[in-house]
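Trainee: Got a minute? I'd like to go through this structure with you.
Mentor: Sure, pull it up and ask away.

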Amino acid sequence: MSLRTRLMLLSSLWILLIVIFFNWFIYYYILKKTTDSEVRQLWNKAQIILRDTEIYDPANWNREQLQEYLEPDSLLRIISPDGAVRAQVSTSEELPGHPAVYRTQYHTVVENELGLLILFIQVPIIGKSNVQIGLLELGKGLNVVAAFMELLVAGLTMTTGSVLLFSPLVGFFYTKALIRPIRQLLETMRTIRSKGDFILLSPQFTTKKDELGELGRTFNEMIVRLQENDRRQKHFVADASHELKTPLTVIESYTSLLCRWGGRDPAIRQEALNAIHSETVRLKGLIDALLRLAEVERHAETELQPVRIAELIRTTAEQMRRAFGREIVVRIDSEETQCRGDEARLKQLLIILLDNAIKYSQESVIVECGEEERYVVVRVIDRGIGIPSGELPLLFERFYRVDKARSRGTGGSGLGLAIAKQIVELHQGLIRLDSEEGKGTAATVKFPK
């Protein structure tokens with residue numbers, strides 16, 4: 001059974017149940033109001049009868065005493081404590097058939113006997129010394145009320161039948177309007193699956209201010225993101241292929257040279273071995289960078305823990321100083337500064353920024369750490385060759401290198417800052433590069449406290 005059919009049947013069923021419930025409520029509400037009105041009238045008549053002082057003398061209980069209070073389609077009778085009917089008058093053939101029951105308290109009953117709606121009330125007759133000497137009973141046939149209720153039932157039945165007849169038709173058009181956007185979404189997804197193209201939903205779908213419109217906008221955002229990821233993936237594969245091809249081509253060329261001339265000429269042999277070793281080292285570094293990038297992307301949901309960032313900066317800077325033999329100045333505002341993060345990833349980020357600063361400058365490198373509002377701020381500053389302002393927005397793209405600064409001669413793969421950006425985003429932080437040619441570069445990173 002299709003979703004449209006299920007929705008149509010379900011909506012019809014709910015409409016029918018709601019109509020039946022309200023019909024039941026209306027019937028019993030009107031019945032109660034009308035019977036309550038009749039009950040009040042009988043209670044008022046009972047009070048009028050009880051004002052007659054002769055009613056308190058059992059010797060006066062007779063038909064003539066009650067006759068003057070008799071109305072059409074009603075019954076009046078007095079019941080003695082032994083359950084006998086001492087006086088009774090009636091203008092109805094059915095009401096006297098109701099059994100006489102002696103009670104010691106006020107009582108009201110509405111019954112449907114032999115298809116007739118009848119109402120009875122009983123009022124104790126209290127004589128002298130507050131002793132009950134009898135029971136006054138008043139009955140009335142609610143023929144008018146019954147006829148009105150029959151008309152009401154007929155009208156409500158016709159209403160229910162009409163709803164039952166037309167609700168599937170209404171449900172058909174309702175579900176058609178509801179399912180149409182979902183069908184459009186389904187057709188778009190099928191087209192994407194069959195053709196492999198990235199197709200967006202039309203504005204007619206996405207401009208609606210409801211849940212379906214929100215679904216359409218979310219779908220379009222997902223398609224745009226997939227399209228961008230596909231573009232980046234293709235670009236990445238092309239760049240990676242190019243970067244891997246270059247050292248392999250050099251290794252192949254020198255291997256061929258070594259095979260032809262290396263055995264007879266020691267100088268050529270040494271040159272080929274040096275070139276092969278150099279390209280192998282660069283190739284290994286490129287592969288390591290690719291693996292690090294994949295590792296960062298794979299652990300995008302790493303659990304963040306409090307990290308003493310000041311201590312991490314000092315230890316990392318000392319390790320880099322020993323490895324490169326360069327002066328690294330560390331300036332920490334507070335040794336108690338902490339941020340939430342993955343300590344291993346933060347150390348990897350610091351190594352990338354310090355490695356770049358050391359490679360492209362000859363003077364000392366400065367690392368600063370402080371706090372700004374809700375952030376911990378880390379800056380790595382060098383006084384090197386700098387970067388052209390037009391190149392700054394592109395530096396975080398994979399394999400991008402500024403020609404004169406990020407040449408292959410430095411051993412850079414063009415992946416360091418891409419990895420750094422991934423790590424910063426993993427920590428819900430921000431990273432920015434400020435640079436001026438010939439004066440140096442400052443990398444600023446902000447992490448939530």
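Trainee: How does α8 pass α9, in a left-handed or a right-handed crossing?
Mentor: Left-handed, that's how α8 passes α9. Keep in mind as we go that this is a predicted model.

Trainee: OK. At what angle do α8 and α9 pack, and how far apart are their axes?
Mentor: The angle is about 145 degrees, and the axes are 9 Å apart. Here α8 covers residues 343-359 and α9 covers residues 416-426.

Trainee: Which residues make the contact?
Mentor: From α8 you have Arg345, Gln348, Leu349, Ile352, Leu353 and Asn356. On the α9 side, look for Gly416, Leu417, Ile419, Ala420, Ile423, Val424 and Leu426.

Trainee: And how do the residues of that contact divide into nonpolar, polar and charged?
Mentor: Nine are nonpolar, three are polar and one is charged.

Trainee: What does α9 lie across?
Mentor: Strands β11 and β12, the latter being 440-448. Relative to β11, α9 runs at about 140 degrees.

Trainee: Let's do the sheet, then. What's the strand order?
Mentor: Go β7-β9-β10-β12-β11. That's an open sheet of five strands, and the pairing is mixed.

Trainee: Which strands stand at the edges?
Mentor: β7 (328-332) and β11 (430-436). Each has a single partner strand, so one side of each has no neighbour in the sheet. As for twist, the average is 15 degrees from one strand to the next.

Trainee: How many bridges join β7 to β9, and do they run parallel or antiparallel?
Mentor: Five bridges, and the two strands run parallel. β9 is residues 365-372. To find the register, start at Val330, whose bridge partner in β9 is Val367.

Trainee: What about the end of β9, where does Glu373 lie?
Mentor: Glu373 is in the loop between β9 and β10, with β10 being 375-382. Its phi is worth a look: near 50 degrees, so to speak on the positive side, in a residue other than glycine. Most residues other than glycine have a negative phi.

Trainee: Where else should I look for a positive phi?
Mentor: Try Asp73, another residue other than glycine, with phi near 55 degrees. Asp73 sits in the loop between α2 (63-67) and β1.

Trainee: And how does β1 pair with β2, parallel or antiparallel?
Mentor: Antiparallel, over five bridges, with β1 at residues 74-79 and β2 at residues 85-90. One pair to click on is Leu75 with its bridge partner Ser90 in β2. The hairpin has five residues between the strands, and Gly83 takes a positive phi near 90 degrees there.

Trainee: Changing topic: how many cavities of 30 Å³ or more does the structure hold?
Mentor: Two. The second largest holds about 50 Å³ of space.

Trainee: Which residues line that second largest cavity?
Mentor: Ile309, Leu346, Leu349, Leu350, Leu353, Val378, Val445 and Phe447. The lining divides into eight nonpolar residues, with no polar and no charged ones.

Trainee: Which element gives the largest share of that lining?
Mentor: α8, with four residues. The elements giving two or more are α8 and β12. Leu349 and Leu353 line this cavity, and both are also in the contact of α8 with α9.

How values were computed
Residues are numbered from 1 along each chain as its sequence is written. This is a predicted model: local features need pLDDT of at least 70, side-chain atom pairs count only at pLDDT 80 or more; totals for chains, interfaces and linings use all residues. Side-chain values use heavy atoms; hydrogens and water are left out. Axes are lines fitted to C-alpha atoms, for helices over the stretch in contact, and angles run from 0 to 180 degrees between N-to-C directions. A crossing is left-handed if the near helix is turned anticlockwise from the far one by less than a right angle, and right-handed if clockwise. Contact means heavy atoms within 4.5 Å. Ala, Val, Leu, Ile, Met, Phe, Trp, Tyr, Cys and Pro count as nonpolar, Asp, Glu, Lys and Arg as charged, and the others, Gly among them, as polar. Two strands pair if DSSP finds at least two bridges between them. On a 1 Å grid over the protein atoms alone, a cavity is a set of points where a 1.4 Å probe fits but cannot get out, and a pocket is an open set with protein on both sides within 12 Å along at least five of seven lines; lining residues have an atom within 4 Å of a point. Grid points are joined across faces, edges and corners, and a volume is the space filled by probe spheres set on the points.
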